Amino acid sequence: MELTQKEIGVLLIAARDSISALFTKSPAPAIDYTFYPNLKKQAGAFVTLTIGMELRGCIGFIFSSNTLFETVCEAARLAATGDPRFLPLTQEEFNHTDIEISVLSPAMPISSYDEIKIGTHGLILEQGERRALLLPQVAKENNYTIPQFLSAICEKAGLPLYEWKEKKLNLKVFTAIVFSEAKNRKKTYVPN
């Protein structure tokens with residue numbers, strides 16, 4: 001999926017307005033898809049909230065049957081109020097919060113860990129009842145090697161760190177278009 005700069009701007013504003021509506025009891029944002037056709041498409045998306053350099057919430061959907069616009073709005077609300085690692089975001093915190101959005105490609109299974117490309121792929125782990133997801137930027141921002149990325153996904157799923165050495169994990173990879181308010185930047189984690 002390609003997104004124009006205007007569509008990226010609309011998604012960032014919609015995510016902010018969706019969280020703001022929680023405090024003001026305003027209606028959720030709406031859009032006229034005539035001008036933004038890509039936002040009518042279905043795609044998974046995650047919204048990450050940070051204050052300074054500290055994570056404050058991150059929730060999303062690997063796939064959604066809603067439009068991308070609706071998916072981002074819902075993920076923003078949930079990142080602000082439903083991430084079990086944090087208390088709900090306060091209005092004061094919201095004033096200092098940066099919003100980052102990751103629009104996901106469809107996930108593809110891999111047959112070998114060697115297929116993982118750091119800086120390009122995010123990981124989805126489904127091992128029995130354990131599930132976890134790491135966005136592509138996690139590996140890049142932490143300078144992970146493939147073994148470190150595999151250990152991180154195991155840890156997030158509540159598995160032993162080196163479970164990936166003991167048996168082949170049921171992994172899928174995906175790419176993402178990532179953009180943020182903070183630096184008005186867009187990073188595309190897709191193959192070159």
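A polar contact is a pair of N or O atoms within 3.5 Å; within protein, one atom must be able to donate a hydrogen and the other to accept it. The views below show a predicted model.

**View 1. The side chains of Thr67 and Tyr33 form a polar contact.** The distance between the two side chains in this contact is 2.7 Å, which lies within the 3.5 Å limit. Thr67 sits in the loop that runs between strand E2 (54–61) and helix H2 (68–81). Is Thr67 buried or exposed? Its relative accessible area is 12%, and because buried means under 20%, Thr67 counts as buried. Beyond its neighbours within four places in sequence, Thr67 is in contact with Tyr33, Leu39, Lys40 and Lys41. Tyr33 therefore appears twice in this view, as the partner in the polar contact and as one of the residues in contact with Thr67.

**View 2. The protein chain as a whole has 6 helices and 9 strands.** The C-alpha trace spans about 50 × 35 × 30 Å along its principal axes. A compact globule of 192 residues would have a radius of gyration near 16 Å, and the 17 Å of the protein chain agrees with this. Of the 192 residues, 45% are buried. Among contacts with a separation of 6 or more, 70% are between residues 24 or more positions apart. The accessible surface of the chain is about 10200 Å², and carbon and sulfur atoms account for 54% of that surface. The chain carries 21 positive and 21 negative side chains, and the centres of these two sets are 3 Å apart.

**View 3. Ile19 is a buried residue of helix H1.** Helix H1 covers residues 5–24. The relative accessible area of Ile19 is 0%, so the residue counts as buried. Which residues is Ile19 in contact with, leaving aside its neighbours within four places in sequence? They are Leu49, Ala76, Arg77, Ala80, Leu89, Phe94 and Ile99. Asn142 is 123 residues from Ile19 in sequence, and the C-alpha atoms of the two are 28 Å apart in space.

**View 4. Asp17 and Lys25 lie in helix H1 and in the loop between H1 and strand E1 (45–51), respectively.** Asp17 is partly exposed, with a relative accessible area of 37%. Its C-alpha atom is separated by 29 Å from that of Lys140, a residue 123 positions away along the chain. Lys25 has a relative accessibility of 71% and counts as exposed. What is the phi of Lys25? The angle is near 60°, a positive value in a residue other than glycine. Most residues other than glycine have a negative phi.

**View 5. Helix H5 (residues 146–156) contains a run of buried residues.** Phe149, Leu150, Ser151, Ala152, Ile153 and Cys154 are buried in this helix. What covers the buried residues of H5? The cover includes three strands and two helices: strand E5 (122–127), strand E6 (130–134), strand E7 (171–174), helix H4 (136–141) and helix H6 (163–166). After H5 comes Gly158, which has a positive phi near 80°.

**View 6. Asn143 occupies the loop between H4 and H5.** Asn143 is exposed, with a relative accessible area of 65%. Its phi is near 55°, which is a positive value in a residue other than glycine. How far apart in space are Asn143 and Ile118, C-alpha to C-alpha? The distance is 8.6 Å, while the two residues are 25 residues apart in sequence.

**View 7. Met53 is an exposed residue in the loop between E1 and E2.** The relative accessibility of Met53 is 79%. Since exposed means over 50%, Met53 is placed in that class. Met53 and Glu163 are 110 residues apart in sequence, and their C-alpha atoms are 30 Å apart in space.

Technical notes
Residues are numbered from 1 along each chain as its sequence is written. Side-chain values use heavy atoms; hydrogens and water are left out. Helices (H or I, at least four residues) and strands (E, at least two) are DSSP runs, numbered from the N terminus. The radius of gyration is taken over C-alpha atoms; the globule rule is 2.2 Å times the number of residues to the power 0.38. Buried means under 20% relative accessible area, exposed over 50%, partly exposed in between (1.4 Å probe, protein chains only). Contact means heavy atoms within 4.5 Å. Accessible areas come from the Shrake-Rupley method with a 1.4 Å probe; for residues, only the protein chains shown count as cover. Lys and Arg count as positive and Asp and Glu as negative; His and the chain ends are not counted. The place of a charge is taken as NZ of Lys, CZ of Arg, CG of Asp or CD of Glu.
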